[in-house]
Amino acid sequence: MGVWQLVAVGLVMLLGLIGVLVPGVPGQAIVWAAVLWWAFTDTTPAAWAVLIGATALLLLNQALKPLLPPRRPRESGAPRRTLMLGGLGAIVGFFVLPVVGAVVGYVGVIFGAERLRLGSRGAGWTSVRSVMRATGYSVLVELFACLLVTGAWLGALIWG
């Protein structure tokens, strides 16, 4: 697989990660389609292992989705911009501090944005709790699954 195709696959995965944050966009399906494209083009055992693992993880995430609270972003009281910034913070955090950085980035950026918006630390934490109840768990679990798939793809590219 050429460098430009790998860049294109990476961009499609990034689009899928951002799609997880936008209601109505099938972010998981986009990430999975990018892995499928890569596995069909680069037919190594590592590529197929990543595809099988990604399929299993994303299907498990879909099966567990009904057990999580539904997304109700308007009930949180936080602006949509704060939720998008939190998602982007999770994506950056995942790569800066592998795996656990997604949670730290999501919660940390939402707290920072809400503290600036509301003006006090207590109000910021109250807003973080309401965001996590309204949207956070569902978005965070879906985003985390997609980030694990993306991380596995990057690991297979680097070490595989």
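Two residues are in contact here when they have heavy atoms within 4.5 Å of each other. Keep that in mind as we walk through this structure, which is a predicted model.

Let us begin in a loop. Asp 42 sits between H2 and H3. Leaving out residues up to four places away in sequence, Asp 42 touches Met 1 and Ala 47. Another residue to look for from here is Leu 6: it lies 36 residues from Asp 42 along the chain, and the two C-alpha atoms are separated by 10.0 Å.

From this loop we can move to the interior. The largest nonpolar core is made of 36 residues, and those with the most contacts inside it include Val 35, Trp 38 and Tyr 106, along with Leu 143 and Leu 147. Several helices share in building this core: H1 (3-21), H2 (27-41), H3, H5 (80-96), H6 (101-118) and H7 (121-159) each supply at least two residues. H7 gives the most, with 12 residues.

Leu 147 offers a good view of how parts of the chain meet. Apart from residues up to four places away in sequence, Leu 147 touches Leu 17, Ala 90, Ile 91, Phe 94, Phe 95 and Ala 102.

Those contacts lead us on to H5 and H6. In H5, the 17 residues should span 24 Å at 1.5 Å a residue, and the end C-alpha atoms are indeed 24 Å apart, so the two values agree. Among the buried residues of H5 are Thr 82, Leu 83, Ala 90, Ile 91 and Phe 94, as well as the glycines Gly 86, Gly 87, Gly 89 and Gly 93.

Between H5 and H6 comes a loop that holds Leu 97. Is Leu 97 buried or partly exposed? Its relative accessible area is 44%, so Leu 97 counts as partly exposed. Arg 121 is 24 residues from Leu 97 along the chain, and their C-alpha atoms are separated by 25 Å.

H6 follows, with 18 residues and a reach of 25 Å from its first C-alpha to its last, close to the 26 Å expected at 1.5 Å a residue. The buried residues of H6 are Gly 101, Ala 102, Gly 105, Tyr 106, Ile 110, Phe 111, Ala 113 and Glu 114. A helix of this kind makes a useful exercise in reading a pattern: an α-helix has 3.6 residues a turn, so residues three or four places apart point the same way. Just after H6, Gly 119 takes a positive phi of about 95°.

Next, look at Cys 146, which is found in helix H7. With a relative accessibility of 0%, Cys 146 counts as buried, because the limit for that label is under 20%. Beyond residues up to four places away in sequence, Cys 146 touches Leu 17, Val 20, Gly 27, Gln 28, Val 31 and Leu 58. Ala 54 is 92 residues from Cys 146 in sequence, yet 8.4 Å away in space, C-alpha to C-alpha.

One of those partners, Gln 28, belongs to helix H2. Gln 28 is buried as well, since its relative accessibility is 8%. Setting aside its neighbours within four places in sequence, Gln 28 is in contact with Val 20, Leu 58, Asn 61, Gln 62, Glu 142 and Cys 146. For a sense of distance, Gln 28 and Gly 124 are 96 residues apart in sequence and 30 Å apart in space, C-alpha to C-alpha.

Asn 61, another name from that list, is part of helix H3, which covers residues 45-64. A relative accessibility of 7% is why Asn 61 counts as buried. Its contacts, not counting residues up to four places away in sequence, are Gln 28, Val 141, Glu 142 and Ala 145.

Our last stop is an open space. The second largest pocket holds about 210 Å³. It is lined by 14 residues, and the closest to its centre are Gln 28, Ala 29, Gln 62, Lys 65 and Glu 142. H2, H3 and H7 are the elements that give two or more residues to this lining. What classes of residue make up the lining of the second largest pocket? There are six nonpolar, five polar and three charged residues.

Technical notes
Residues are numbered from 1 along each chain as its sequence is written. This is a predicted model: local features need pLDDT of at least 70, side-chain atom pairs count only at pLDDT 80 or more; totals for chains, interfaces and linings use all residues. Side-chain values use heavy atoms; hydrogens and water are left out. Helices (H or I, at least four residues) and strands (E, at least two) are DSSP runs, numbered from the N terminus. Buried means under 20% relative accessible area, exposed over 50%, partly exposed in between (1.4 Å probe, protein chains only). A nonpolar core is a set of buried Ala, Val, Leu, Ile, Met, Phe, Trp, Tyr and Cys residues joined through side-chain atoms within 4.5 Å. On a 1 Å grid over the protein atoms alone, a cavity is a set of points where a 1.4 Å probe fits but cannot get out, and a pocket is an open set with protein on both sides within 12 Å along at least five of seven lines; lining residues have an atom within 4 Å of a point. Grid points are joined across faces, edges and corners, and a volume is the space filled by probe spheres set on the points. Ala, Val, Leu, Ile, Met, Phe, Trp, Tyr, Cys and Pro count as nonpolar, Asp, Glu, Lys and Arg as charged, and the others, Gly among them, as polar. The expected span of a helix is 1.5 Å times one less than its number of residues.
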